[in-house]
Amino acid sequence: MEIWELDFASRPLVNEEGKRLWELLICSQTSELRYAARCVQKEATRAFVIEHLTAAMAQANTQPSEVRLLRLSGFAEQACKQLEIPSRVTLKVYPLRRWLAQRERDIYPQESGYQPTKYTQFNIDDIPPQPLPDIIKGEKWAFVSLRAGDLRDVETSTGFGDLSALPLADDVVVPGFVLFSSRARAMAAWMQGIEPSGMRYIPGESDAQASLILDVGSAERWVVARFRPQEKALLAEGALFEQQKTGSQGYHFLAIQLLDKDELMGFWRLWDGG
C-alpha cells in the first residue's frame, strides 16, 4: 500500500449561482493517481470526502496505508477515521503542494467563476516562527551547495533524514544549510521527529533582523538563525541561498554533522514551492 496526500478546502471559484466551491484533491506520493472533486460549501461534509475517497480507492484499485493532509480538516480526518485509514496533518506533501500550485496558477484563473478575492490561500508564512529549542542549536553552521548528482549519493551514518526523490538534472546547483554539533546524533533524532519541510531566508525589514526559518511537517516554523545588519557577508550568503533555490526549482537540503568530523548524522532533501 502507498501513502496518499489530500486537501479539502474552498477554492477561488463560485458556481453559476454565485456559491463558493470547495474542492477535494487526492494524489499519491509514488503513483500517478490524481483525483479531484468539487461541491458547493453546504455539501462540504464528511460524507462527501468518504464518497470520493472511496471512489479514488476504486480508481486506484488499492487502499492507502496513510493519508497526509495539507491542512487541518475535520471532515477529512473524520472520513479517514470512518474508513479506518490513519491520517495526519503535515507540510511534507510535496506532490500535492506542487499540484495545487499548478492549479492556482494555470487552472482556476481560466474558469468563469474565478474570484480570488473570496479565497484564502494556504500560506505557511502566516504562521509566526518560534525560537529554536536549545537541543537543536549547533556550535557552528554554514550555507553550502552541492550539485544534484552528488546529493543522490548522500548517506547518513544514523539513518535520520529524508532522501526523497530529486527530479533535477545532475549539474543543477542545490543550496543547503549544515548544522555542526558535538550532539549531532541527538539533534538529528529530534529533527527527524518534527519532520523538516523547507527552509527560507527572510531579509530584514524595518527593525526586524534577517533570519533563516525552518518549516516543519506539523505546520510550525522555527527560527534557525538571525543575522545582524552589520553581518554583510552572512546576509549575502542568505540572499544567495534563496537565489539558488530559484535555479533548483525550490529544492534544497538540511544536514546535521558531527563537529570537527566528516560524519553526517542527518540529511533531509527539502522543497518549499520556490
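How many disulfides does the structure hold? Zero. The points below take up this and other features of what is a predicted model.

1. **Cysteines.** With zero disulfides in the structure, the separate cysteines deserve a look. Cys-39 is in no disulfide, and the nearest cysteine sulfur, that of Cys-80, lies 16 Å away. Cys-80 has its closest cysteine sulfur in Cys-27, at 13 Å, which is too far for a bond. A disulfide here requires two cysteine sulfur atoms within 2.5 Å.

2. **Cysteine burial.** Cys-39 counts as buried because its relative accessibility is 3%. Cys-80 has 0% relative accessibility, so Cys-80 counts as buried too. The cut-off for buried is under 20%.

3. **Helix H2, inner face.** H2 spans residues 74-82, and its buried residues are Ala-76, Ala-79 and Cys-80. They sit on the same side of H2 because they cover an arc of only 95° around the axis. An α-helix has 3.6 residues a turn, so residues three or four places apart point the same way.

4. **Helix H2, surroundings.** Which elements do the buried residues of H2 pack against? Two are strand S1 (3-14) and helix H1 (46-60); the others are strand S4 (66-69) and strand S5 (87-89). Glu-84, just after H2, takes a positive phi of about 60°.

5. **The open sheet.** Four strands make up an open sheet, ordered S6-S12-S11-S10, with mixed pairing. Strand S6 (130-131) and strand S10 (196-202) are the edge strands. Each has a single partner strand, so one side of each is left without a neighbour in the sheet.

6. **S6 with S12.** S6 and S12 run parallel and are joined by two bridges. Gln-130 stands opposite Trp-222 in S12.

7. **S11 with S12.** Strand S11 (residues 210-216) pairs with strand S12 (residues 220-227) in the antiparallel sense, over seven bridges. Ser-211 faces Arg-226 of S12 across this pairing. The two strands form a hairpin with three residues between them. Ala-219, in the turn, has a positive phi of about 60°.

8. **Burial of S12.** How many of the eight residues of S12 are buried? Six are, so S12 is mostly covered.

9. **Helix H6 on the sheet.** Helix H6 (residues 232-247) lies across S10, S11 and S12. H6 runs at about 125° to S10. The helix has 16 residues and reaches 23 Å from its first C-alpha to its last. That is close to the 22 Å expected at 1.5 Å a residue.

10. **Helix H6, buried residues.** Leu-235, Gly-238, Phe-241, Gln-244 and Lys-245 are the buried residues of H6. Gln-244 and Lys-245 are thus on the buried list along with Leu-235 and Phe-241.

11. **Helix H6, surroundings.** The buried residues of H6 pack against S10, S11 and S12 of the open sheet. They also pack against strand S7 (140-147), strand S9 (173-181) and strand S13 (251-258). Just after H6, Gln-249 takes a positive phi of about 60°.

Note on methods. Residues numbered from 1 in each chain as written. Predicted model: local features only at pLDDT ≥ 70, side-chain atom pairs only at ≥ 80, totals over all residues. Heavy atoms only, no water. Pairing = 2+ DSSP bridges. Contact = heavy atoms within 4.5 Å. Axes fitted to C-alpha atoms, helices over the stretch in contact; angles between N-to-C directions. Buried < 20%, exposed > 50% of the residue type's maximum accessible area, 1.4 Å probe, protein only. Arc of directions from axis to C-beta. Expected span 1.5 Å × (residues − 1).
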